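Please open the model in your viewer and keep the selection panel at hand. The stops below proceed by selection, each followed by what is to be found there.

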Amino acid sequence: MIVDNLPALQVIVPLLGAILCVLVRRGWLAWFIALVVSWIVPLIAVALILQVLDGGVISYAMGGWAPPVGIEYRVDLLSAFVLLLISMVGAVMLPYANLSVESEISDGKRAWFYALYLLCMTGMLGISITGDAFNAFVFLEVSSLSTYAMIALGKDRRALLAAYQYLIMGTIGATFYVIAIGILYTMTGTLNMVDMSGRLGDVATVRPLFAALAFLTVGISLKFALFPLHSWLPNAYAYAPTFATAFLASTATKAAVYLILRFFFSVYGVALVFGIHPISEMLIALSLMAMFGASIVAVYQDNIKRMLAYSSVAQIGYITLGFGLANVPGLTGGVVHLANHAVTKGALFLAVGGIVYRMGAAHLDDFKGIGKKMPLTMAGFTIAGLSIIGVPGTAGFISKWYLAIAALEHGWGWLVMLLVLSSLISVIYIGRVVEVAYFREPEGKVMNATEMPLSMLIPAWVMILATIYFGIETSWTAGIASQIATDLLAGVQ
Amino acid sequence: MMIDILFPPGLVLILAGLMLPLMGERFRAPTILIAPLIAFAIVWLLPSGPVLTFQYIGYELVPLKVDSLSRLFGTIFTIMAFAGGLFALKQERVLELASAFVYAGSALGVVFAGDLITVFIFWELMAVASTLLIWSSGGKALAAGQRYVMIHLLGGVILMAGIAGEIVSTGSIAFEAMDTNSWPRWLILAGFLINAGAPPLAAWLPDAYPEASWSGTVFLSAFTTKTAVFVLLRGFPGAEILIYIGLYMVFYGIVYAILENDMRRILAYSIINQVGFMVTGIGIGTEMALNGTAAHAFAHIIYKALLLMSAGAVLYQTGKRKCTDLGGLFRTMPITATCGIIGALSISAFPLTSGFISKSMISQGAADEHMMIVWMLLAAASAGVFLHAGIKFPWFVFFQKDSGMRPSEPPRSMRYAMYIMSVLCIGLGVFPGPLYALLPYPVDYVPYTGAHVVFQLQLLLFSGLAFFLLLNLLKRTLTITLDFDWFYRGLGRVLAREFDNMSIAAWTAFVESGYRAVQSFISAIYRHYGPNGILARTWPTGNMAFWTTALLATYLLIFFL
């Protein structure tokens with residue numbers, strides 16, 4: 001009974017958790033509820049991915065209404081992978097939240113924060129599991145609205161402006177998405193993705209389909225902050241509560257990337273998206289601009305949270321670069337970077353969160369000599385930084401390796417050189433922080449800093465060890481990703 | 001019965017290095033001494049051939065592949081780790097010892113790598129660990145370490161691009177001899193050469209090595225460049241371009257070493273010089289030359305470590321490193337002086353020392369191929385080596401004028417390390433047989449013929465004579481030698497000040513305009529990307545919406561066309 005309804009439970013458990021959080025009103029109790037929920041959700045995700053690996057795609061009819069009329073929850077390997085990724089990140093990070101959130105958010109609002117967190121989780125899991133295009137929109141809005149509110153809870157007052165700007169941009173993105181769905185619905189008469197994909201071939205004129213694709217691409221690109229639509233992201237990440245930043249940086253963009261993969265490869269299919277128009281070139285160009293533009297900006301940032309946010313924009317460029325290359329290693333690299341970047345950036349933000357916890361801020365000056373005072377935190381930051389750079393033995397290397405192979409399969413040696421050049425820029429911005437942390441003498445507030453509490457240190461180090469683990473043992477990341485890539489390129493399922 | 005142990009010897013050292021900071025001080029010394037011995041035993045207990053395989057990102061890696069060449073390098077690397085560890089026992093900075101062991105372990109990892117991906121992984125680990133080793137001595141080493149790591153990461157990415165290209169174009173990850181006939185292979189070669197200290201990026205070596213601590217430099221001298229020699233031996237034997245690169249390195253090292261005043265920088269330049277001999281040997285590519293290169297790498301690690309140990313001992317006891325500040329130390333440091341002289345004789349290839357039996361093989365390789373010019377240049381360079389490392393280092397440090405310092409001998413652990421290396425230097429020189437038996441190809445070469453010995457003695461005698469005749473010119477003053485690294489070290493003030501001295505107007509104008517261009521480029525980047533630049537500012541919401549619309553319009557246009 002429970003096993004049959006796992007797809008529904010995946011979404012409903014966090015949703016109910018959110019309601020409970022609001023009802024209990026107490027910060028620590030809400031945290032505890034969120035913790036329990038965050039630990040149940042990945043169990044469901046593991047069960048789902050095992051089922052998928054074992055028996056193929058799971059199709060679940062919501063409320064017993066058979067698709068395509070009813071809403072279908074559809075779990076294939078890609079869905080299961082993203083579900084597992086998002087829920088695992090939540091499970092690892094939540095123990096960290098209690099102290100970090102306590103120090104940044106006032107008592108009365110803490111329960112609301114956890115409710116928002118669970119709603120956001122609900123939305124992202126929903127996006128990844130649903131097989132219905134409009135249902136995906138609903139979940140997209142659930143996650144986005146809760147994200148705006150979470151960002152606005154940041155203690156810096158600039159958080160309000162950041163949340164407002166994200167609200168406007170996110171709404172534009174959502175609107176574009178709805179417009180696209182509207183066009184698709186008019187042309188095909190269905191909202192079920194599988195059904196829609198089957199009927200695309202019968203459509204009389206293809207031009208409206210491409211208009212829909214344009215709206216889709218831009219709308220979703222906004223959500224995952226593809227350059228030049230990234231401008232909401234740096235402030236949002238910099239001024240949101242640190243825990244929210246860490247969680248969102250690891251997951252939020254990933255759910256949106258999932259959605260675009262779904263439409264590109266499962267609904268439209270490779271031939272339609274990449275075969276006729278130079279979308280590949282467009283994606284590669286935008287990705288390169290992200291990789292270089294955002295990385296160079298990151299070099300000059302003194303607010304470390306903002307620096308990492310720009311680095312995220314650059315890293316999203318690697319993901320979309322893989323999609324633009326549109327061959328098996330490229331897609332593998334893009335998909336595996338979803339996971340690798342999630343753990344790497346999560347580790348970095350958790351480490352920085354520890355410094356925010358002790359110092360009250362994460363300005364470069366706050367890092368002076370902190371390597372001596374918080375050795376474990378900074379060692380972790382450095383290791384995760386190596387993964388951003390792409391040093392072998394870390395997760396980041398795996399992604400870059402696949403991307404390099406993908407570029408070479410096209411015979412584009414120049415792209416490989418650009419790839420490695422962009423990682424040299426990340427050496428500079430990571431190295432700058434490491435240099436200040438280790439080579440400067442501690443002064444001022446740093447003198448009294450101590451290692452962050454264990455409940456924060458352990459989650460941070462789990463993430464850090466994961467960046468190393470996924471750099472060595474890759475069957476759960478690259479292995480599955482290459483399976484996904486093969487499936488996606490094989491065409492419409 | 002022999003037991004087959006299938007454990008990578010490099011991993012023993014890496015694990016020992018990682019454990020060092022975690023263990024109590026009492027256990028450190030035993031770990032430092034025992035780990036290299038275990039690794040040494042494993043090197044000799046491993047069966048030949050591909051021993052281990054490992055699945056990684058869809059390839060079947062061979063992290064452990066044993067043949068005579070890798071066993072030879074494995075032997076000397078583990079001996080070196082032992083002697084270096086012994087010498088460093090008095091080192092109090094755990095970070096340095098830990099990174100030294102990880103560094104030595106990853107060098108061993110490269111040596112036993114059966115495929116290109118493993119090579120690359122250990123290559124990068126080596127770069128990271130050696131940077132930490134340099135950084136751990138603090139002070140001026142911090143900036144030098146930063147320049148060092150940038151060059152090595154650059155080398156690493158070039159190597160990665162090359163390896164990825166090689167794998168895609170050939171479909172094989174095996175690490176075997178390659179022709180230089182495709183761009184990925186050229187990139188691989190370039191990546192290897194950067195670590196060998198080849199031009200134009202050679203300056204990282206004399207820039208960074210002397211800034212490490214008294215014990216750190218000993219480790220550094222052994223692994224990075226010799227690992228590069230190993231991969232060149234394995235990957236590019238007989239690549240003709242290496243002859244010219246090697247010869248350039250030989251003379252580059254000599255010229256700068258003669259001009260240099262800092263005793264450890266002299267020895268650092270002399271590393272480039274010696275590696276130049278080896279690179280030339282690889283370029284010649286006959287069995288004789290390759291044997292000679294392998295033997296010379298073996299011998300070189302020992303005597304260069306010995307030289308740097310004696311320099312390190314002087315530094316440890318006096319805190320001074322410039323020739324102008326030193327001198328006359330033989331009175332109170334006779335053991336250190338003797339060991340230094342043994343190292344100096346070996347590097348000069350004096351008969352009955354290890355240098356003699358190895359370097360002459362490379363020259364013989366050139367002679368066998370009738371490469372007259374190469375042979376003569378190598379002979380001339382041998383004289384130059386005697387000049388800068390053979391006489392200059394011991395003369396200015398231990399003899400010459402009396403500096404007035406009366407330091408005592410270094411602690412016991414350091415003396416024992418020097419004894420071991422000295423014994424090896426002379427032992428190999430007197431009984432070359434065991435070393436020759438280890439070489440990758442059968443050896444048909446007798447070093448001690450009358451002609452060889454007389455030739456070498458004449459060479460040394462005359463260059464020795466030249467040294468003392470020219471002593472006044474060679475007397476070291478407080479100078480700083482400028483090398484290529486100067487171009488990428490501090491821009492700005494340094495640039496302006498140095499150019500006043502040079503006072504070559506045209507050159508100044510040329511470089512200043514280049515500098516202005518660089519400066520305006522940097523400020524242009526800063527303008528656009530800096531904290532207030534267009535890309536870093538908080539955009540007004542309207543601008544964000546504008547870009548969204550613009551991108552939408554672009555997509556629609558693309559689809560419309």
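Select helices α2 and α3 of chain A in this predicted model: α2(A) passes α3(A) in a left-handed crossing. The first of the pair covers residues 27-55 and the second residues 77-104, and their axes come within 8 Å and cross at roughly 160°. An angle over 145° counts as roughly antiparallel, and α2(A) is therefore roughly antiparallel to α3(A). Colour the contact of α2(A) with α3(A) by residue class, and 21 nonpolar, 5 polar and 1 charged residues appear.

Next, select residues 107-129 of chain A, which form helix α4. The end C-alpha atoms of α4(A) are 34 Å apart, in agreement with the 33 Å that its 23 residues should span at 1.5 Å a residue. Of these 23 residues, 19 are buried, so α4(A) is largely enclosed by the rest of the structure.

Within α4 of chain A, centre the view on A:Arg110. Is this arginine, A:Arg110, buried or exposed? With 20 or more other C-beta atoms within 10 Å a residue counts as buried; A:Arg110 has 24 and is therefore buried. Setting aside neighbours within four places in sequence, display its contacts: A:Arg110 meets A:Gly27, A:Ala30, A:Val101 and A:Ile105. For a distance across the chain, pick the C-alpha atoms of A:Arg110 and A:Leu348, which are separated by 24 Å and lie 238 residues apart along the chain.

Continue to helix α5 of chain A, residues 133-152. From first C-alpha to last, the 20 residues of α5(A) reach 29 Å, close to the 28 Å expected at 1.5 Å a residue. Since 15 of the 20 residues are buried, α5(A) is largely enclosed by the rest of the structure.

Now display both chains and turn to the contact between them. Chain A contributes 46 residues to this contact and chain B contributes 38. On the side of chain B that touches chain A, select α5 (116-135), α6, α21 (505-529) and α22 (541-560), each of which supplies at least two residues. Which helix gives the largest share of that side? The answer is α22(B), with 11 residues. By class, the chain B side comprises 31 nonpolar, 6 polar and 1 charged residues.

For one helix pair that spans the two chains, select α18 of chain A (residues 413-439) together with α6 of chain B (residues 141-170). Their axes come within 10 Å and cross at roughly 155°, which makes α18(A) roughly antiparallel to α6(B). The crossing of α18(A) past α6(B) is right-handed. Show side chains here: the residues of α18(A) that meet α6(B) include A:Val416, A:Val420, A:Leu424 and A:Phe439, while those of α6(B) that meet α18(A) include B:Leu153, B:Val157, B:Ala161 and B:Gly165. This contact of α18(A) with α6(B) has 13 nonpolar, 3 polar and no charged residues.

Finally, select helix α10 of chain B, residues 241-259, and centre on B:Ile243. B:Ile243 is buried, with 23 other C-beta atoms within 10 Å. Beyond residues up to four places away in sequence, B:Ile243 touches B:Thr280, B:Gly283, B:Ile284 and B:Val374. As a last distance, pick the C-alpha atoms of B:Ile243 and B:Gly276: they are 33 residues apart along the chain and separated by 8.8 Å.

Key: Residues numbered from 1 in each chain as written. Chains lettered and ligands numbered in written order. Predicted model: local features only at pLDDT ≥ 70, side-chain atom pairs only at ≥ 80, totals over all residues. Axes fitted to C-alpha atoms, helices over the stretch in contact; angles between N-to-C directions. Helix = DSSP H or I, 4+ residues; strand = E, 2+ residues; numbered from the N terminus. Parallel < 35°, antiparallel > 145°, perpendicular 65-115°, else oblique. Left-handed = near helix turned anticlockwise from the far one by under 90°. Contact = placed C-beta atoms within 7 Å. Nonpolar A, V, L, I, M, F, W, Y, C, P; charged D, E, K, R; others polar. Expected span 1.5 Å × (residues − 1). Buried ≥ 20, exposed ≤ 12 C-beta atoms within 10 Å, placed from the backbone.
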